[in-house]
Structure formats: C-alpha cells, structure tokens
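Please open the model in your viewer and keep the sequence panel beside it, since this tour moves from one selection to the next.

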Amino acid sequence: MEFTNTKSYAKVVENGTQAVQEVQNLRQSGYDLDHIYVLAHDSDKTSRIVEASDANNVGIKEEGVFDALANLFRSRGDELRAKIVSLGFTEAEAGFYEKQLDLGKVLVIAKKD
C-alpha cells in the first residue's frame with residue numbers, strides 16, 4: 001500500500017528485503033537519503049533494515065525532544081504512532097500504519113524537503 005501527502009510518502013512492504021528495495025527505488029527517484037526512514041514493530045528489526053538500506057531511524061531531530069523523551073514511557077505502539085505523526089501524517093494514518101506494523105510488515109517513509 002502506498003500513500004503520498006503533500007509532505008511525505010509512505011509504503012507498507014512485507015519484509016526487510018522489500019524495504020531495502022523500496023529505499024533504493026526512492027533514492028533513484030530523487031529522494032534524499034537523509035529524508036528516508038524505515039519503521040518496523042520490532043526495534044531490532046528496524047535497526048537491521050536501517051543498517052542494510054542506509055535509511056534513517058526516526059529520532060530527536062524528527063520528533064523533537066519532548067516526544068523523544070515521552071517515548072521512553074510509551075508502549076511500542078504509542079511510540080510508533082508518535083514517530084509516524086512526526087513525519088507529517090495524521091493520527092488516523094499513524095494508527096493504520098501501526099496496525100500494519102503489528103502484522104509484521106515494514107513501513108518506508110520519505111519526506112519531501
């Protein structure tokens with residue numbers, strides 16, 4: 001599933017291999033590597049995909065200090081929704097994507113400058 005709003009592009013893929021391929025596709029279509037992010041429900045899986053694809057984790061720069069600190073006390077689902085919202089998506093969109101991550105899928109997001 002793909003979604004594009006005025007600020008961000010998102011695609012849900014089945015696994016890490018497809019996520020790495022999608023990151024490569026986004027780079028080839030002109031997205032800056034600094035603006036491509038990968039999220040999985042399992043933080044270790046996210047880290048492995050980020051490392052393999054050279055994409056980015058959603059961090060303090062994207063979330064802001066307050067949300068990054070709040071994530072220390074949130075459930076993983078709440079943390080993921082907050083990260084998705086910080087990249088330009090609505091709460092409803094974030095809820096949809098978080099449910100996909102619950103199913104073991106991977107979310108690739110690219111922000112426009």
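**Two helices, then a group of rings**

Helices H1 and H2 are oblique to each other, therefore a good pair to select first; oblique is the class left when angles under 35 degrees count as roughly parallel, over 145 as roughly antiparallel and 65 to 115 as roughly perpendicular. This is a predicted model, in which local features need pLDDT of at least 70 and side-chain atom pairs pLDDT 80 or more, while totals for chains, interfaces and linings use all residues. Residues are numbered from 1 along each chain as its sequence is written, and side-chain values use heavy atoms, without hydrogens and water.

Select residues 16-28 for H1 and residues 43-53 for H2, which pack at an angle of about 40 degrees with their axes 9 Å apart. Now show the side of H1 that makes the contact (heavy atoms within 4.5 Å), namely Gly 16, Ala 19, Val 20 and Val 23, together with Ile 49, Ala 52 and Ser 53 of H2. Five of these contact residues are nonpolar, two are polar and none is charged.

Next, select Phe 89, Phe 96 and Tyr 97, which ring pairs link into a cluster; rings pair if their centres lie within 6.5 Å, and planes under 30 degrees apart count as stacked, over 60 as edge-to-face and the rest as tilted. Phe 89 and Tyr 97 are edge-to-face, at 5.8 Å centre to centre and 80 degrees between the planes. The centres of Phe 96 and Tyr 97 lie 5.4 Å apart with planes at 65 degrees, so this pair is edge-to-face. Finally, colour by accessibility: Phe 89 and Tyr 97 are buried (under 20% relative accessible area, with exposed over 50% and partly exposed in between, for a 1.4 Å probe and protein chains only), whereas Phe 96 is partly exposed at 34%.

Technical notes:
Axes fitted to C-alpha atoms, helices over the stretch in contact; angles between N-to-C directions. Helix = DSSP H or I, 4+ residues; strand = E, 2+ residues; numbered from the N terminus. Nonpolar A, V, L, I, M, F, W, Y, C, P; charged D, E, K, R; others polar. Phe/Tyr/Trp six-rings, centres within 6.5 Å; stacked < 30°, edge-to-face > 60°.
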